[in-house]
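Visitor: Please take one part of this model and go through it closely. I would like the sheets and what packs on them.

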Amino acid sequence: MPRPTGRVLTLLELLQSGGTRTVAELADRLGVEGRTVRRYVDQLIDLDVPVESVRGRYGGYRLAPGYRLPPLMLSDDEALAVLLGLVAGRRAGLTTAEHTASETASAKIRRVLPKHIARRLDTLLEALAFTDQPGEFDTPDAGVLLTVADAVRHHRPVSIRYTDRDGRRSERTLHAYGIVAHAGRWYVTGKDAGIGEDRTFRLDRIADARTLPGSFEAPAGPDPAQRVLSGFATAEYRHEVTLRIHGTVEQIRARLPAGVASLEELEPGAGQDRATERWLRVELRAERLDWLPPVLASLDRPFVIERPDELRGLVSALADRLASYARRA
């Protein structure tokens, strides 16, 4: 059972998380009675921690506004969670433009840890292996990321200077709905006020972001992550591909995720059973087609190519190569 000093520190951590905490809530979290919570509060006040008492039906305790928190205290589990998060974020490319920030943050945390905890964490990090090699990612500027995040939270327009994939630069007014991390990159999705349509922008291609006066109402419908994935699936590319595939959504999504293709279930023909004749129309756009035949082969499901004709030739060529390989002694 935790000692009283440990419970007092836990009480401080609960109050640091913000807001007003009722006596009943604190007693439940600490596993003590209400009068004991009041005694712990008195101990914090004796240590010059400005705990305020809030009266009323929803009253309780809170820290005084503007109180400067004491040095960060992490348990073993919390230190492990923070360090693993920093390592995973760096590997996934989900960092800001300051590439050394996660490394210096890790070093600071490890320096202040007790030696026995630091040794155990070092042992884990040395033993930890990844199945993929870290890639080179284009990371966003921290100031841009935070400005856009603030605009999302408060529903305020934001002016951005953007460079698209062809190198064209433009200044846009964006009603940002949300920030999405996908495949090692940061994206912001929202309405481009200049053209009145939803768009998705890579945050690392935004050179500057500035919050504008006013506000907007975020629309109902898909959440930001789904908007980004749908945008990828319908983006303008060289080839428009339409297929009919016999299978389930789960089988097809295993090879063609939502960020690549959109699916539509087709009605079975007259007299056909939906369970046995389940076909889905698959639509996607691609700059190149050479990656699609191996994907269709790996699905191992009956399919029909509606367009383009060029894809039929590529699938036939792959089938001929695989057949010739299979005949080799």
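Guide: The account below takes the four-strand sheet and its helices, with the rest of the chain as background.

This is a predicted model, in which local features need pLDDT of at least 70, side-chain atom pairs count only at pLDDT 80 or more, and totals for chains, interfaces and linings use all residues. Residues are numbered from 1 along each chain as its sequence is written, and side-chain values use heavy atoms, with hydrogens and water left out.

The chain has 11 helices and 11 strands; helices (H or I, at least four residues) and strands (E, at least two) are DSSP runs, numbered from the N terminus. Of the 329 residues in the chain, 31% are buried, that is, under 20% relative accessible area with a 1.4 Å probe, protein chains only.

The sheet in question is open and has four strands in the order E9-E10-E8-E11, with antiparallel pairing. Two strands count as paired if DSSP finds at least two bridges between them. At the edges stand strand E9 (261–265) and strand E11 (303–307), each of which pairs on one side only. Neighbouring strands of this sheet are turned by 20° against each other on average, direction ignored. Such axes are lines fitted to C-alpha atoms, for helices over the stretch in contact, and angles run from 0 to 180 degrees between N-to-C directions.

E9 and strand E10 (residues 279–286) run antiparallel and are joined by five bridges. Within this pair, leucine 263 stands opposite valine 282 in E10.

Two helices pack on the sheet. Helix H10 (residues 292–299) touches strand E8 (239–246), E10 and E11, and its direction makes about 10° with that of E8. Helix H11 (residues 309–327) touches E8 and E11, and its direction makes about 140° with that of E11. Contact here means heavy atoms within 4.5 Å.

Another sheet serves as background. Five strands form an open sheet in the order E6-E5-E4-E3-E7, with antiparallel pairing. Strand E6 (197–202) and strand E7 (206–211) are at its edges with a single partner strand each, so one side of each is left without a neighbour in the sheet. The twist there averages 45° from one strand to the next. Strand E3 (residues 158–163) and strand E4 (residues 169–182) run antiparallel and are joined by six bridges, and threonine 163 stands opposite arginine 169 in E4.

Key: Buried means under 20% relative accessible area, exposed over 50%, partly exposed in between (1.4 Å probe, protein chains only).
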